[in-house]
Amino acid sequence: MGAYIARRLWQTIPTLGGVILLVFILFNWVGGDPALVLAGKVPDPAQIENIRRQLGLDQPWWIQLWIFVGQVFTFDFGRSWSTNQLVSEVLLTRVGPTLTVMVPMLVLETLLAVALALLVAYVRGSLTDRTVMFLTTVAMSISFLVYIIVFQWLLGFRLDWFPVQGWSNDLWTNLTVYAPLPVLLGVLVSVAPSLRLYRSFFLDEIGQDYVRTARAKGLAENRVMLRHVLRNAMIPILTYVGIGLPGLFVGSFLLEVFFSIPGLGREVIESVNRSDFPVIKAITVYLAIVTMSVNLLVDVLYRVADPRVSFK
Amino acid sequence: MNAAVVEAASPGLWALAWRRLRQDRLALSCLVVVAVFVALMLASMAGLVASDWEREAGVTYARPAFLPRAPDTLVAASAAAAAQRVPMVDLSDIDPLAPRYEEWRQRAGQLSATLPSRSETLPLGGDQWGRDVLKKTIKGSEVSIMVGLTAALIATLIGTLLGALAGYWGGRVNDLMEWVYNVFTSIPYILLILAFAAVLGRGVTTIILILGLTGWTGVYRLVRAEYLKHREREYVLAAKAVGVSHAKRMFAHILPNTSHVVLVQFSLLVVAFIKTEVILSFLGLGVPVDVVSWGTILAESQDELVMGKWWQLAVTGTAMAMLVTAVSLLTDGMRDALDPKLR
């Protein structure tokens, strides 16, 4: 196990290097001269020269790359170009709200999708099954935008069940007052694709010989489905959930924008709109690192959950 | 596909697939829906349909024709306000302009201005400027479908090319491609798109580029797996034995045998990109605001909904949902038709 983790960590080094290189190329070459972005509408040559020296843009590219690598490993991306806040501060304050929305959403969505998928898989081929499958296809074809616009208007504005938008400094208030509507919407939208996928996992398991054996020896249907099928199908389901875990940190930027939740997603959108490169660079690199770590963790947990999986 | 039916002497993969697809009523009707959408889009591009979409044919927020006339609260309110107003006072004895009113009235009478007649209702309602929502949606489909198709084409090309190289050559080439793939997939997809959007700017071409350059990873994965499988097959070894060049083996022999995978991936990408374009344009990161696309239409509709003008949202949302459903179901049908083992 230790050797496996060490090898996997070793393998992430070139990937991390690639991510740093990609971000560097994007923002230092493709993105145009940052000094022009910073200097504003009426650039003054002396000022531009000054900014270039401050950012190290007058150095050759390998030194610039080295500065960037240094920034990544010292967690020091300097200050935001538009708000002059420390980038590390911006990131740390934005993670909380994102997780406040995303964690309940992931938990609810997974539970709901697994329960529904199990039910639908049990009555496969029936009218219920086909109706649910058709409905999920239609539900998936409607844009997330339309859902948010309609439900924010209906449940927030018209019926006044939830606040239309807002956020507070108190976790409990956020969870009970401001988060429910975004969470509900997120669950509503993500449940359809998960339901379809989990149904196929359950169908794979239901077709297996051990299910027939279990039935043949007279086990109750409940027991067959919950003890045998559910347990075995949990492996691919957990893998799928694991793949989606890094997404927790990006958050649903659309929900954050609509409900003005001060999370990472909204921060990214605002930074893109303001050409605030340090913030986007930092978020991209660190989320890539988070993604790689989570993937490694999932693989290790996978091994713990299923001893048959061997490390190559 | 029709051409394949005509040409093939013994039924090839495509002919067989087409035969199976024809059995599938649902897939066929979806094909018709998709064809109608694409035909409308092409006709709109050629200026045959909806070329006068910018004409302000109705009053502001003209209601859909099928809707019964609702009591207009605004008109009632202004009438009530007018009734309460103080009676007019005759100011003509102190008004310095009073002597000239008659002259102006005569000169104004000599000019004839024909105000375009604006109708109270439009087939599916009007927008803020009284433009026909139906025509606007057709016009908007131009950008949305175009972006979806072109970007999917670019992404599929990149994914197929890289996947073919990695799968066919293996070794160092494979390592390099896998490295690039790992780099692209280790950044959350939406973040990757936004990072590209931050540096590349706005515009229709840009959004196509962004989606194409970031969306190829799924195609790559599958095409590479197919090439790994096929390169050891007997027909490829036989081609090698008779001295067929590498390029020809890669693209003339193996590629047609993986084309069903590519086609399915392509149509999945079209759906994904149409949806993404809408979201990016809504956020102001996609096509510019003055270009009409489904995303920019939806961006208008949020405020309209609060005022109770729901038709623009409904028409555009429905058009988009219909196209996406049709393409998705057609993809399912194609997958079944191309690979009957999956059923």
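Start by selecting E103(B), which is partly exposed with a relative accessible area of 34%. Now add R100(B): the side chains of these two residues meet in a salt bridge, with 3.8 Å from N to O. R100(B) also counts as partly exposed, at 40% relative accessibility. Keep in mind as you go that you are looking at a predicted model.

**A buried pair in chain B**

Next, select E178(B) and R224(B). Their side chains form a salt bridge too, at 3.4 Å from N to O. Colour the two helices to see what the pair connects: E178(B) sits in helix α7 (residues 171–186) of chain B, while R224(B) belongs to helix α10 (residues 217–230) of chain B. The two residues are 46 residues apart, and the pair links distant parts of the chain. Are E178(B) and R224(B) buried or exposed? Both of them are buried.

**Salt bridges in chain A**

Move to chain A and pick D209(A) with R212(A). Here the salt bridge spans 3.5 Å from N to O. Both residues lie in helix α10 (residues 209–216) of chain A, three residues apart, which is about one turn of the helix. R212(A) counts as exposed, because its relative accessibility is 59% and exposed means over 50%.

Then select R94(A), E267(A) and R274(A) together; these residues are linked in a network of salt bridges. If you would like to hunt for the rest, the structure holds 18 salt bridges over all chains.

**Where the chains meet**

Colour the model by chain and turn to the boundary. How many residues of chain A are in contact with chain B? There are 42, and they meet 38 residues of chain B. The area buried between the two chains is about 3400 Å², and carbon and sulfur atoms give 82% of it. On the chain A side, select S141(A), I149(A) and V272(A): these lose the most area to chain B, together 15% of what that side buries.

What about charge across the boundary? The count between chain A and chain B is one salt bridge. To find it, select D332(B) and R196(A), whose closest N and O atoms are 3.9 Å apart. Seven residue pairs are in polar contact across the interface, with both partners at pLDDT 80 or more.

Now show the helices of chain A that face chain B. Those that each supply at least two residues to this side are:

- α1 (2–30) and α6 (127–141)
- α7 (144–158) and α13 (253–258)
- α14 (264–273) and α15 (277–305)

The largest share comes from α1(A), with nine residues. Colour this side by residue class and you will have 31 nonpolar, 10 polar and one charged residues.

**A threonine at the boundary**

Stay here and select T325(B), found in helix α14 (residues 311–338) of chain B. T325(B) counts as buried because its relative accessibility is 12% and buried means under 20%. Which residues does T325(B) touch, leaving aside those up to four places away in sequence? They are T137(A), V138(A) and S141(A). S141(A) is familiar from the list of chain A residues that lose the most area to chain B. Before moving on, check the side chain of T325(B): one of its polar atoms lies 2.5 Å from the backbone oxygen of A321(B).

**The nonpolar cores**

Switch to a view of the buried nonpolar residues. The largest nonpolar core has 131 residues, and F27(A), L254(A) and W294(B) touch the most other members. Helix α12 (residues 246–282) of chain B gives the most to this core, with 14 residues. A second, separate core of 19 residues includes V114(A), I206(A), V224(A) and A233(A).

**Two loop residues to finish**

For the last stop, show the backbone torsions of chain A and select D160(A). Its phi is positive, about 60 degrees, although D160(A) is not a glycine. D160(A) lies in the loop between α7 and α8 (171–178) of chain A, and is exposed, with a relative accessible area of 59%.

Then select S260(A), in the loop between α13 and α14 of chain A. The phi of S260(A) is near 40 degrees, again a positive value in a residue other than glycine. At 21% relative accessibility, S260(A) counts as partly exposed.

Definitions and conventions:
Residues numbered from 1 in each chain as written. Chains lettered and ligands numbered in written order. Predicted model: local features only at pLDDT ≥ 70, side-chain atom pairs only at ≥ 80, totals over all residues. Heavy atoms only, no water. Contact = heavy atoms within 4.5 Å. Buried area = accessible area lost by both parts, 1.4 Å probe. Salt bridge = Lys/Arg side-chain N within 4 Å of Asp/Glu carboxyl O. Polar contact = N/O pair within 3.5 Å; in protein donor to acceptor, adjacent residues only side chain to side chain. Helix = DSSP H or I, 4+ residues; strand = E, 2+ residues; numbered from the N terminus. Nonpolar A, V, L, I, M, F, W, Y, C, P; charged D, E, K, R; others polar. Core = buried A, V, L, I, M, F, W, Y, C linked by side-chain atoms within 4.5 Å. Buried < 20%, exposed > 50% of the residue type's maximum accessible area, 1.4 Å probe, protein only.
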